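Thanks for coming, everyone. I'll walk through one model today, starting from a helix and ending at a buried arginine. Please have the viewer open.

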Amino acid sequence: MLVAERIIVPLDVPTAADAIALIDQLDEVRFFKVGLELFVSTGPQILSILKDRQKRIFLDLKFHDIPNTVAGACRAAAGYGVDLITIHATAGKNALQAAKAALEAGAEAKRQKPPKLIAITLLTSLNARDLAFDLKIPLELPEYALQMALLAQESGLDGAVCSPQEAQQLRQVCGEEFVLVCPGVRPEWADKGDQKRSLTPASALKAGADYLVIGRPITAATDPAAAFNRICEELA
């Protein structure tokens, strides 16, 4: 896989017009993330725009609900033809299994390849203190992320979203076929923002990440295309 195909750029903007403007500036980007803000604003329209431009799509809606509800959402989302869809591992095994089954059934009904379903282990905006004091979870953060990834794997999911700092352990335990998507990746020359568990792109790939989600260092740059190309060159 080419380096450029392993970088996912989030379209964290409020309108379709803003998204199209960014896509136009980043013609060389092959993989885009559509999250809650843009999807709530535009609905599936933005997915059609990306598909028309032959872009890969990470639909990052982070489903988290009872089994019947997440199954219905995944069955509906299966028709969008996206590549990756997210669900919170904390929804539990029954919900994860129901979501996976519904995604496959929905894709089969549409005669499409099902998207890969990947589980959120722990948001990268949270750190060990947040886990212990705010969420009252007694496990150390790396152990908690691993347990969430194992729950996802045991439930039949295709992979997990984790910070790059947990990627090496998850790769070793979950194996090579388990897809690891790592947000919170920041080049040395970029501000970390609200990412508390970050690594550089090169370190994240070395740790075992399959895909890197890199947002503001690219999208907030004066020249987004130049920033994207700089990251690709540093990884070449």
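First, a term: buried means under 20% relative accessible area, exposed means over 50%, and partly exposed is in between, with a 1.4 Å probe and protein chains only. Next, where the numbers come from. This is a predicted model, where local features need pLDDT of at least 70, side-chain atom pairs count only at pLDDT 80 or more, and totals for chains, interfaces and linings use all residues. Residues are numbered from 1 along each chain as its sequence is written, and side-chain values use heavy atoms, with hydrogens and water left out.

Helices (H or I, at least four residues) and strands (E, at least two) are DSSP runs, numbered from the N terminus.

Start with helix α7, residues 141-154. Its buried residues are L141, Y144, A145, L146, M148, A149, L150, L151 and A152. The helix has 14 residues and spans 20 Å from first C-alpha to last. That is close to the expected 20 Å at 1.5 Å a residue; the expected span is 1.5 Å times one less than the number of residues. Just after α7, G156 has a positive phi of about 95 degrees.

What do the buried residues of α7 pack against? Three helices and two strands are on the list: α5 (93-109), α6 (128-134), α8 (164-174), β5 (116-120) and β6 (159-161). Contact, here and later, means heavy atoms within 4.5 Å.

Now the cores. A nonpolar core is a set of buried Ala, Val, Leu, Ile, Met, Phe, Trp, Tyr and Cys residues joined through side-chain atoms within 4.5 Å. The largest one has 71 residues. Helix α7 supplies the largest share of that core, 8 residues. Which residues have the most contacts inside the core? They are I7, L11, V34 and I46. There is also a second, separate core of 11 residues, which includes F58, L84, I120 and V213.

Take V34 from that group. Setting aside neighbours within four places in sequence, V34 contacts L11, F39, I46, L47, L50, I57, F58, L59, D60 and L61.

On to the strands. Two strands pair if DSSP finds at least two bridges between them. Strand β2 (residues 31-34) pairs with β3 in the parallel sense, over 4 bridges. One bridge partner pair there is F31 and R56. Strand β3 is also joined to β4, again parallel, by 3 bridges. F63 has I87 in β4 as its bridge partner. Then β4 (residues 84-88) runs parallel to β5, with 5 bridges joining the two. T86 is partnered with I118 in β5.

How covered are these strands? In β3, 6 of the 8 residues are buried. In β5, 4 of the 5 residues are buried, so β5 is largely enclosed by the rest of the structure.

Now a record. The UniProt annotation "active site", from an unreviewed entry, covers D60, K62 and D65. UniProt positions are in the numbering used here, feature names are shortened, and annotations may be inferred rather than shown by experiment.

Where is D60? It sits in strand β3, residues 56-63. D60 counts as buried because its relative accessibility is 6%. Beyond four places in sequence, D60 contacts K33, V34, G35, L36, T86 and I120. The side chains of D60 and K33 make a polar contact of 3.5 Å. A polar contact is a pair of N or O atoms within 3.5 Å; within protein, one must be able to donate a hydrogen and the other to accept it, and residues adjacent in sequence count only if both atoms are side-chain atoms.

D65 is in the loop between β3 and α4 (67-77). D65 has a relative accessible area of 38%, so it is partly exposed. Not counting residues up to four places away in sequence, D65 touches V70, A91 and A95.

H64 lies in that loop between β3 and α4 too. At 45% relative accessible area, H64 is partly exposed. Leaving out neighbours within four places in sequence, H64 contacts V70, H88, T90 and A91. H64 and V34 are 30 residues apart in sequence and 17 Å apart in space, C-alpha to C-alpha.

Last stop: R171, in helix α8. Buried or exposed? R171 is buried, because its relative accessibility is 9%. A polar atom of the R171 side chain lies 2.6 Å from the backbone oxygen of F178. With neighbours within four places in sequence set aside, R171 contacts E176, F178, L180, A207, G208 and D210.
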